[in-house]
Amino acid sequence: MQDFQPRDTWTSRIGVILAVTGSAVGLGNFLRFPGLAAKYGGGAFMVAYLCAFLLLGLPIAFAEWSMGRYGGRHGFNSSPGIYRLVWKNRIAPYFGILAMIVPVCIYMYYVYIEAWCLAYAARYLFGAMDFGADPTGYERFFGHFVGIHAHGESLSTPSEGLLGSAVFFLILCFVLNFTLIYRGLSKGIEWFCRWAMPALIVCAFLVLIRVLTLGTPDAANPDQNILNGLGYMWNPVKPGTTFWEELANAEMWMAAAGQIFFSLSVGFGIIITYASYVKKDDDIALSCLTACAGNEFCEVALGGLITVPAAFVFLGPQVVQNPPGTFGLGFMALPHVFSQMPLGNLVGFLFFFLLFLAAVTSSLSMLQPAVAFLEEGLGLNRKASVALLGFITAFGSTGVVFFSKDLIALDTLDFWIGTFCLYALAAFQTVLFGWVLGAETGMDELRRGAEIHIPEVFRYIIQFVTPVYLFVVFGFWLRQNIFVATADGQPNRLEQLVTDPVVAAVMIFVAAVAVLFGLFIAQAVRNWRQAEIEEEEVAI
């Protein structure tokens, strides 16, 4: 297949492993995972989490690495091109719309959360995060900083200056992300991940050492010590329940599966693009396994040992199990913890800086699939591709910042794109690998050049177990989150599309982006057909 642009490639195996690990290691490792584990019974949750990893996460990651390199060997780096190569059907490339809007639309709100992390790190660095012993001070700051009380509230920063401006830090993050993505795969993404991932690990270890040496800081509450904090996180069950009762909780299994998707970046359309740039005989099996293992280390061994135990020691089990809102544990509860901790400003800076690094390595990966498609399918140069993508995402992020009351725009994108479309894309790619490309062909691709042996059982897991597991979990999730009325009488997700004008506006924008990428894909298909005709004529 004739390329429109010169092919970029990874310069080394460690480079691609760090980049893929970086795409997976993000805010969910240090905030979302610990909270879920604490909420759903510690050890019992880990059983569901391990099952989801072995039967969903790892098989889908293997499938994406295999299809990605398969596409790259035939000259394709974008999901629409790879889908068209694997499935000889006119509609195949149009499933690439999902693979475009999932990472692009998630980026629109993820980069905003990334900006919060940078802002908190900067505030700790300059000593501007001390709101005393009253936890409501940290809640008030976060609420105003992100504009949770009224639309457009975050645009005003009285008496705070730039350190209190979420928009200022959002602009900084945008500039950093698009500067790196403009530099390309090897000089931008790979270069950044080569130093960012080690720096992230160093920061995490420094914070972890401080947390594990807390002991019992409050003599008036001797039960709130670090050992009990670790026990609260990792004991098989919580008091008053049994292990089997915990395992019978269907909601826990759904939460574990959802966490695996976010954790490993499967279903995002990212890995399939990254893998397309590896050389044809590189060991993608070992690279895949190493990247997955690196992510799990950051999530379980680092995130699981930092966030919950620290909050338990200073705030007690009630706050840990029922944090104030989705981002409450990270942005409201933990700053209160750091305020009571010796060397709290330093620990706070290191913690939020590691969150920032993790977020950047993830947000960069969300931009590459669309850039790869614009270059490959439309023949745009790097500058034009980055500029077009920058305009689209800046417009979407502006809506997320302005429609900030109760974080409604962010929550809408996270639900419909970051969960619903993510499940749908993962389901499509699983079926594409197992039943269209064929599990045997896909496993042969995975094993070529491999220095490790992939057990034959994974062929059957990918073809049979993973799709069933995925569709069952997806079905229960749909029933619980879309089709069932809410307990408090509030409109459910479908009803919100009609009753809430902000939700409707957000989804209309998403639909417009989807239509735009659909038109782009139609033009790309025409370009690919013309290139194929020309190659056939030359061959004759």
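User: At what angle do the axes of helix α3 and helix α4 cross, and how close do they come?

Analyst: In this predicted model, the axes of α3 (residues 43–73) and α4 (residues 79–86) cross at roughly 90° and come within 9 Å.

User: Why are α3 and α4 called roughly perpendicular?

Analyst: Angles of 65 to 115 degrees count as roughly perpendicular. The axes here cross at roughly 90°, so α3 and α4 are roughly perpendicular to each other.

User: Which residues make the contact?

Analyst: On the α3 side you'll find Met67, Gly68, Tyr70 and Gly71. From α4 come Ile82, Leu85 and Val86.

User: What makes up that contact in terms of nonpolar, polar and charged residues?

Analyst: Five of the residues are nonpolar, two are polar and none is charged. Gly counts as polar, and both Gly68 and Gly71 take part.

User: Zooming out, how many helices and strands does the protein chain have?

Analyst: There are 21 helices and zero strands.

User: Why is the chain called as compact as a globular protein of that length?

Analyst: Set the two values side by side: the radius of gyration is 23 Å, and the globule rule gives 24 Å for 540 residues. Those are close, so the chain earns that description. Along its principal axes, the C-alpha trace spans about 85 × 50 × 50 Å.

User: What percentage of the residues is buried?

Analyst: Buried residues make up 58% of the 540, where buried means under 20% relative accessible area.

User: And what does the chain expose?

Analyst: About 20,700 Å², with carbon and sulfur atoms supplying 66% of that.

How values were computed:
Residues are numbered from 1 along each chain as its sequence is written. This is a predicted model: local features need pLDDT of at least 70, side-chain atom pairs count only at pLDDT 80 or more; totals for chains, interfaces and linings use all residues. Side-chain values use heavy atoms; hydrogens and water are left out. Axes are lines fitted to C-alpha atoms, for helices over the stretch in contact, and angles run from 0 to 180 degrees between N-to-C directions. Helices (H or I, at least four residues) and strands (E, at least two) are DSSP runs, numbered from the N terminus. Angles under 35 degrees count as roughly parallel, over 145 as roughly antiparallel, 65 to 115 as roughly perpendicular and the rest as oblique. Contact means heavy atoms within 4.5 Å. The radius of gyration is taken over C-alpha atoms; the globule rule is 2.2 Å times the number of residues to the power 0.38. Buried means under 20% relative accessible area, exposed over 50%, partly exposed in between (1.4 Å probe, protein chains only). Accessible areas come from the Shrake-Rupley method with a 1.4 Å probe; for residues, only the protein chains shown count as cover.
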